[in-house]
Amino acid sequence: MIIAIDGPAAAGKGTLSRKIAETYGFHHLDTGLTYRATAKALLDAGLPLDSEAVAEDMARRVELAGLNRDVLSAHEIGEAASQIATMPAVRRALVEAQRRFAQKKPGTVLDGRDIGTVVCPEAPVKLFVTANAEVRARRRFDEIRAKGQAADFDQIFDDVKRRDERDMGRADSPLKPAADAHLLDTSEMSIEAAFQSAKSIIDAVL
Ligand code: C5P
């Protein structure tokens, strides 16, 4: 059983995916972290972000076990991740590892940008979770403020829009809903309401 969850940055995919995985006792992989871990390893090693061969080599060394959003959340890492995510060889390397993870028993939840379209097109449940850009920027802003850190709303809003453009505009595996995905617009929905809605879709298939 594979549950594929896609959508743009800060749409609520992460929280929703964790809650679903917990509810059904499935393994969860946040595939954004695989791109972030590759980017961080390049940055830490002082390697260039514009060499596809170098980035691919790093992508092949990424260990899926123990990926942690807390150490990968920095803004520069997200920017670098979305840059290397445009490289087909990097995507091939990470998609291979993601597909292996997807086969774990008793089931898996994978979230990202291309799970329903490229990584696991065979997934029996596909959700495309979205929310308008302003709502997503507001959520990210509130999240950062809640940690007691400084945040600039306009800058976050611009980042969200730029990330969307890059993710939707790239030639390889652009962000888009699979033809058979259920759309879940959370702009005016609480996380609990989004979860209930996802649960009824999943329960109909299980
Ligand atoms: O989800 P997150 O913001 O952590 O992802 C970081 C970047 O990794 C995204 O902006 C996107 O460019 C890339 N990504 C991707 N495909 C995925 C997951 C993330 O291209 N399945």
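How many helices and strands does the chain have? Colour the model by secondary structure to check the count: 10 helices and 5 strands. What is on screen is a predicted model.

**The whole chain**

Start with everything shown. The radius of gyration is 16 Å, close to the 17 Å that the globule rule gives for 206 residues, so the chain is as compact as a globular protein of that length. Its C-alpha trace spans about 50 × 40 × 30 Å along the principal axes. Of the 206 residues, 38% count as buried. Consider next the contacts between residues at least 6 apart in sequence: 77% of them join residues at least 24 apart.

**Residues 3–195**

Select residues 3–195. An unreviewed UniProt entry annotates this stretch as "domain: Cytidylate kinase". Over these residues the chain is 54% helix and 12% strand. The C-alpha atoms at the two ends of the stretch are 13 Å apart.

**Strand 1 and its partners**

Now select residues 2–6, which form strand 1. Is this strand enclosed or open to the outside? 5 of its 5 residues are buried, so the strand is largely enclosed by the rest of the structure. In a regular strand, side chains alternate between the two faces of the sheet. Here I2, A4 and D6 are on one side, I3 and I5 are on the other, and all are buried.

Add residues 108–112, which are strand 3. Strand 3 runs parallel to strand 1, and 5 bridges join the two. To find a matched pair, look at I5, which stands opposite D111 in strand 3.

Then add residues 125–130, strand 4. This strand also runs parallel to strand 1, with 4 bridges between them. The pair to look for here is I3 and V125, which stand opposite each other.

**The listed binding site**

Which residues does UniProt list under "binding site"? The unreviewed entry gives G7, P8, A9, A10, A11, G12, K13, G14 and T15. Two of these residues are stops on this tour.

Select A11 in the loop between strand 1 and helix 1 (13–24). A11 has 27 other C-beta atoms within 10 Å, so it is buried. Leaving out residues up to four places away in sequence, A11 touches V129, T130, A131, R136 and T186.

Move on to G14, which lies in helix 1. G14 counts as partly exposed because it has 19 C-beta neighbours inside 10 Å, and a residue needs 20 or more to be buried. Neighbours within four places in sequence aside, G14 is in contact with D30 and D111. D111 was met earlier, opposite I5.

**The ligand**

Show the residues around the ligand. There are 14 of them, and the closest are G32, Y35, S82, A85 and G112. Which helices each supply at least two residues of this shell? They are helix 2 (32–44), helix 5 (75–84) and helix 9 (153–169). Coloured by residue type, the shell divides into 4 nonpolar, 5 polar and 5 charged residues.

**Last stop: H27**

Finish with H27 in strand 2 (residues 27–30). H27 is partly exposed, with 16 other C-beta atoms within 10 Å. Its contacts, leaving aside neighbours within four places in sequence, are A21, K104 and T108. For a distance to check in the viewer, use the C-alpha atoms of H27 and A178, which are separated by 22 Å. Along the chain these two residues are 151 residues apart.

How values were computed
Residues numbered from 1 in each chain as written. Predicted model: local features only at pLDDT ≥ 70, side-chain atom pairs only at ≥ 80, totals over all residues. Near = placed C-beta within 6 Å. Nonpolar A, V, L, I, M, F, W, Y, C, P; charged D, E, K, R; others polar. Buried ≥ 20, exposed ≤ 12 C-beta atoms within 10 Å, placed from the backbone. Pairing = 2+ DSSP bridges. Rg over C-alpha atoms; globule rule 2.2 N^0.38 Å. Contact = placed C-beta atoms within 7 Å. UniProt positions renumbered as here; feature names shortened; annotations may be inferred.
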